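Trainee: I am new to this structure and would like a close look at a single part of it. Please take one helix and follow what it touches.

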Amino acid sequence: MVHPLPVITRKKNVRESPRDWRPDAGRGCVMVTNAPAARRADSIRLGPWHQGAVYGTTAALVVSGIIWLVLHYFLAASGEYGPQVHPLEPWMLRLHGAAAMAGLIVYGSLLPVHVRRAWSIRRNVVLGIGLVSVMLLLTVTGYLLYYSGDENTRPFISAGHWILGLAVPALLVWHIVSGRARARIDATPPEPMRNHA
Ligand code: HEM
Ligand code: HEM
């Protein structure tokens, strides 16, 4: 079978460079783009509901954790038999436990698209892995706080857990700012080659 040779035609309105913004530039010609890669990059961004779920559960975890710390370390009333547990403390832990369960669903929901797509184009990987590692450590130490009955190790696990937890907002903001900056850089068309001869 004889294959026809490709015919290369030069069209009148072909865009000469990415900076060629003449109104008719590019009209009538086929744009060749790396479409699958562009689609992958687009789908890393979260929709408004998904973003709200990530920010909402993270805020609930951090706020309930911080209120618990304040109640426990600064507002415990002293009673006849030593410091008394503040009546709001157990409520904060209940709220925190509920937020932790929601958090596991919400963070888990990022794995199949957000994390997988970002990983496949190697974008924001270092801060992404950092964030996933912190979340995993919080989950493991949270589990140990809930189920470990050992009173000797509990204070260390507790301190490790909340110190990591307090770092979450800064780490998340850093992750988002750097991921968006990276996405903007990748979306900027390259400078046209200049002939300095
Ligand atoms: C617990 C894990 C993670 C959480 C909670 C998280 C959360 C977020 C959030 C809320 C945003 C801003 C969303 C937006 O701009 O629409 C974001 C952006 C981003 N994240 Fe993650 N992420 C996680 C893991 C990862 C990992 C592991 C990677 C890389 C392998 C990654 C790569 C990115 C990139 C590239 C952006 C910028 C998206 C863009 O604006 O195009 N993330 N992340
Ligand atoms: C993936 C994220 C997180 C998970 C899965 C998680 C889970 C848990 C669990 C299961 C507990 C034990 C609750 C109980 O004993 O009834 C706990 C306690 C606690 N968490 Fe978190 N947590 C997370 C994030 C955070 C964050 C961001 C903070 C921020 C400060 C935090 C601060 C605390 C504090 C102060 C306690 C009480 C410690 C104690 O009882 O000695 N956690 N967490």
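Mentor: What follows is a walk along one helix, α6, and then outward to its neighbours and the two ligands. Keep in mind that the model is predicted.

Start with the helix itself. α6 runs over residues 154-187. At 1.5 Å a residue, its 34 residues should span 50 Å, and the C-alpha atoms at its ends lie 48 Å apart, so the two figures agree. The helix does bend, by about 35 degrees, at V168. A proline, P169, comes within four residues after that point.

Next, the partner α5, which covers residues 125-147. The axes of α5 and α6 come within 9 Å and cross at roughly 155 degrees. An angle over 145 degrees counts as roughly antiparallel, and α5 and α6 are therefore roughly antiparallel to each other. Their crossing is left-handed. The contact between α5 and α6 is made of 14 nonpolar and 10 polar residues, with no charged ones.

α6 also meets α2, residues 48-73. Here the axes come within 10 Å, and the crossing angle is roughly 140 degrees. That makes α2 oblique to α6. The crossing of α2 with α6 is left-handed.

α2 has a further neighbour in α3, residues 89-108. The axes of α2 and α3 come within 9 Å and cross at roughly 155 degrees, so this pair is roughly antiparallel. The crossing of α2 and α3 is left-handed.

Now the ligands. Ligand 1 is surrounded by 25 residues, and the closest are A118, N124, G128, G179 and A183. At least two residues of this shell come from each of α2, α4 (111-120), α5 and α6. Sorted by class, the shell around ligand 1 holds 15 nonpolar, six polar and four charged residues.

Ligand 2 has 23 residues around it, with G65, A100, G142, S158 and G165 the closest. For this shell, α2, α3, α5 and α6 each give at least two residues. The shell around ligand 2 contains 14 nonpolar and nine polar residues, and no charged ones.

To return to the helix you asked about: α6 supplies at least two residues to the shell around ligand 1, and at least two to the shell around ligand 2. Along its length, look for the bend at V168, the roughly antiparallel α5 and the oblique α2.

Note on methods: Residues numbered from 1 in each chain as written. Chains lettered and ligands numbered in written order. Predicted model: local features only at pLDDT ≥ 70, side-chain atom pairs only at ≥ 80, totals over all residues. Near = placed C-beta within 6 Å. Nonpolar A, V, L, I, M, F, W, Y, C, P; charged D, E, K, R; others polar. Expected span 1.5 Å × (residues − 1). Bend = angle between axes of the 7 residues up to and from the residue. Axes fitted to C-alpha atoms, helices over the stretch in contact; angles between N-to-C directions. Parallel < 35°, antiparallel > 145°, perpendicular 65-115°, else oblique. Left-handed = near helix turned anticlockwise from the far one by under 90°.
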